[in-house]
Protein chains: 2
Amino acid sequence: MKKTVSRLADGRQIIYFDEDDDAVRELVDLRDLPPAMTRSEVRYDPLLDEWVVLASHRQGRTHLPPAAECPLCPSNGDRLSEIPSADYDVVIIENRFPSLGAATDAPPPADLLDGLCARGPGTGRCEVVCFTSDHGSSFAELPRQRVRTVMDAWADRTTELGALDDVEYVFVFENRGPEIGVTLHHPHGQIYAYPFVPPRARQVLDSARRYRDRTSRNLFADLLAGEQRAGDRVVGRSQHWTAFVPAAARWPVEVHVYPHRQVPDLDALTGPERDDFAGLYLDVLRRCDALFGQPLPYVAAWHQAPVHADRDLAYLHLELFSVRRAPGKLKYLAGSESGMGAFIGDMLPEDTARRLREALEVRT
Amino acid sequence: MKKTVSRLADGRQIIYFDEDDDAVRELVDLRDLPPAMTRSEVRYDPLLDEWVVLASHRQGRTHLPPAAECPLCPSNGDRLSEIPSADYDVVIIENRFPSLGAATDAPPPADLLDGLCARGPGTGRCEVVCFTSDHGSSFAELPRQRVRTVMDAWADRTTELGALDDVEYVFVFENRGPEIGVTLHHPHGQIYAYPFVPPRARQVLDSARRYRDRTSRNLFADLLAGEQRAGDRVVGRSQHWTAFVPAAARWPVEVHVYPHRQVPDLDALTGPERDDFAGLYLDVLRRCDALFGQPLPYVAAWHQAPVHADRDLAYLHLELFSVRRAPGKLKYLAGSESGMGAFIGDMLPEDTARRLREALEVRT
């Protein structure tokens, strides 16, 4: 794999990851772009004991442009996109409308409410990961080799972004589908480098710490072993990975994919583990799209170890979930879920797993 | 106020709350209904240390029926709705498709995954609160006296449901608008009586406990005092209540309404406090609808004390929030929010509060 780093016209970084070691990419962005502006801050919510990001400069961001104006397609003659080259395999750019980034404004005052609500600049970084130059494709349609290239790019960014000042957590994820607010159709994922350990990762690690204190064992490893033994929620299994619907699933479709070996993050995966993931994950995604006979909107979220804390406790895994509960019907988060955090599931996890296992069967 | 209790044809309870002490309501439901079926269970998620409800019988629930078939309108001649009477002020019925309720199936086995994932029957109760017989109205359009009647009904249910076996938390809320999945247009709210303290309530009370241990003070009272002193996030204030946008707001529109006196739940409010809430809350709701010049979809969630735990720590308040970030634009929960619990706000709370304060100004 060949990695090529350059800068866009407004100073943002662009990084090509090419499968061909001889690939030559265009390094000059001919557009006349105003400097990227970031005005993010983080505030501490004393009620939930969590940080919240306020990115008030993002309201004008690009929203579902027509395919001919897609900023993530390669540049083509006079049509200059975010990607100066005429083609690419995998390319990563800094987000033009980032939620987090080095502040361009003066930092906000240090706190609000007489110290109850701390605040600070929204440092960090947001990157966009283009999986393919083919606008009409999807992750599920990538060749296995491309998935491997994407994983190599994710691993590279995990380590590089984790080395930046103020970054405490590197979150690699894909939002797929307009049903969950995706604003660009081109197949892409994102990476958020947060200046804090995000609430859900922290909550899970707190559980794992209490479990280790009580049992001297790893919670994630025991959960995986339990699901493998039970079997009725397993969707697929390969040499190095197992995919299952969690026993206490929150979403109508939810699949977790665990490696069989405890590693802290994507960069710690071996080559064979990365190749093997590609096969299993592509199979899971195809089952997801077959489930309701239409592309499944989903979030696919990599849980990695924080940059500095709890690296021994964490267990890299992917959590994929969807708001689709039936063809044409979505699960909405309303009072119980978004007001009280109490999820009401419509489907038994065992039934979801069975339907995913049967989803690619040829109907006769 | 006159309270009248009866049963629907399938055994569910119906309770009228009438402003006229002489009101006479129809107590016999002439429909031929099959018995209500509940097949809920709760499962413990060991990763997030939270209970999840699985209600797999609800997929067939009523979804946006035409107005002529509204089940929450009064019955009219041959058209028999859920409400047997020809009119009502406020009426509460047990939900026909409840997420929680006395199980009609055999209880599930006690656990999964060798004890890692406890499970149990989804006991509890779900009620529907009809605010008015006027199908085309909304909470914001209720007369002040009706809001008082609704509050009296909420207080009644808080105490009665809290006295049921297995109920640990009574959650009173309104989901408003198809944008968040509301399946019936008729103005109504809901009450969930959970067999556990829901995650968000527990999380907030944990913060309040740590704060008290550290400072001997009440976190909610100090937050309210801080917002009143700062003033720039206050939306409105009456004799007994203050409405403000929280300093670390998560949603594009978010307003919290606190009483000036620490009380555990709705039933502990005095008559003058209830009347006074009506005036301030109606004003807040009208500002919310004026903000984008269209009815605001929202969740309005009452945070009460749990039934048995932490009644001295809790501080009754209402949290109203909306996914509307601009006319025609919604905030979606995607990777950062639903995958990692890290909210990215688009608007500064101070700006939201100012816009709400100015929303009812006459433009010249």
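## A buried loop residue with positive phi

B:L113 is buried, with 23 other C-beta atoms within 10 Å. The cut-off for burial is 20 or more such atoms, so B:L113 qualifies. This residue is found in the loop between β6 and β7 of chain B. Its phi is near 55°, a positive value in a residue other than glycine. Most residues other than glycine have a negative phi.

B:D310 also has a positive phi, about 55°, and is not a glycine. Its place is the loop between β14 (298-303) and β15 (317-322) of chain B. Is B:D310 buried or partly exposed? B:D310 is partly exposed, with 17 other C-beta atoms within 10 Å.

## Model and confidence

The model is predicted. Chain A has a mean pLDDT of 93, and 96% of its residues reach 70 or more. For the complex, the predictor gives an ipTM of 0.94 and a pTM of 0.95. Where pLDDT is low, the predicted coordinates should not be read in detail.

## Symmetry of the two chains

Two copies of a chain are related by a rotation about an axis and a shift along it. Here, chain A superposes on chain B after a rotation of 180° with 0.0 Å of shift along the axis. The RMSD is 0.0 Å. The two copies are thus related as by a two-fold rotation axis.

Which residue of chain A comes closest to the rotation axis? That residue is A:L333, with its C-alpha at 4.5 Å.

## The interface

The contact takes 65 residues from chain A and 65 residues from chain B. On the side of chain A that touches chain B, 38 residues are nonpolar, 15 are polar and twelve are charged. Of the interface residues of chain A, 100% are also interface residues in chain B, so the copies meet through the same surface.

Strand pairing also crosses between the chains. Strand β4 (residues 50-55) of chain A pairs with strand β18 (residues 344-345) of chain B. The sense is parallel, over two bridges. Within this pairing, A:L54 has B:G345 as its bridge partner in β18(B).

A:S56 lies in the loop between β4 and β5 (90-94) of chain A. Leaving aside neighbours within four places in sequence, A:S56 is in contact with A:R39 and with three residues of chain B: B:D346, B:M347 and B:L348. A:S56 is partly exposed, with 15 other C-beta atoms within 10 Å. A:T38 is 18 residues away from A:S56 along the chain, yet their C-alpha atoms are separated by 8.8 Å.

## A sheet built from both chains

An open sheet of five strands has the order β18(A)-β4(B)-β3(B)-β7(B)-β6(B). Its pairing is mixed. β18 (344-345) of chain A and β6 (111-112) of chain B stand at the edges. Each has a single partner strand, so one side of each is left without a neighbour in the sheet.

Further inside the order, strand β3 (residues 40-45) of chain B runs antiparallel to strand β7 (residues 117-121) of chain B. Three bridges join them. In β7(B), B:P121 stands opposite B:E41.

## An enclosed strand

Strand β8 (residues 125-130) of chain B is largely enclosed by the rest of the structure, because six of its six residues are buried. Both faces are covered. On one side, B:R125, B:E127 and B:V129 are buried. On the other, B:C126, B:V128 and B:C130 are buried.

β8(B) pairs with two strands of chain B, β5 and β10. Strand β5 (residues 90-94) of chain B pairs with β8(B) in the antiparallel sense over four bridges. There, B:I92 has B:V129 as its bridge partner. The pairing of β8(B) with strand β10 (residues 188-194) of chain B is also antiparallel, over six bridges. In β10(B), B:I191 stands opposite B:E127.

## The nonpolar core

In soluble globular proteins, nonpolar side chains tend to be buried together. The largest nonpolar core in this model has 213 residues. Which residues have the most contacts inside it? They are A:V91 and B:V91.

Not counting residues up to four places away in sequence, A:V91 touches A:I14, A:I15, A:Y16, A:I83 and A:C130.

Notes
Residues numbered from 1 in each chain as written. Chains lettered and ligands numbered in written order. Predicted model: local features only at pLDDT ≥ 70, side-chain atom pairs only at ≥ 80, totals over all residues. Least-squares fit on C-alpha atoms with pLDDT ≥ 70 in both. Contact = placed C-beta atoms within 7 Å. Core = buried A, V, L, I, M, F, W, Y, C linked by C-beta atoms within 7 Å. Buried ≥ 20, exposed ≤ 12 C-beta atoms within 10 Å, placed from the backbone. Nonpolar A, V, L, I, M, F, W, Y, C, P; charged D, E, K, R; others polar. Pairing = 2+ DSSP bridges. pLDDT = per-residue confidence, 0-100.
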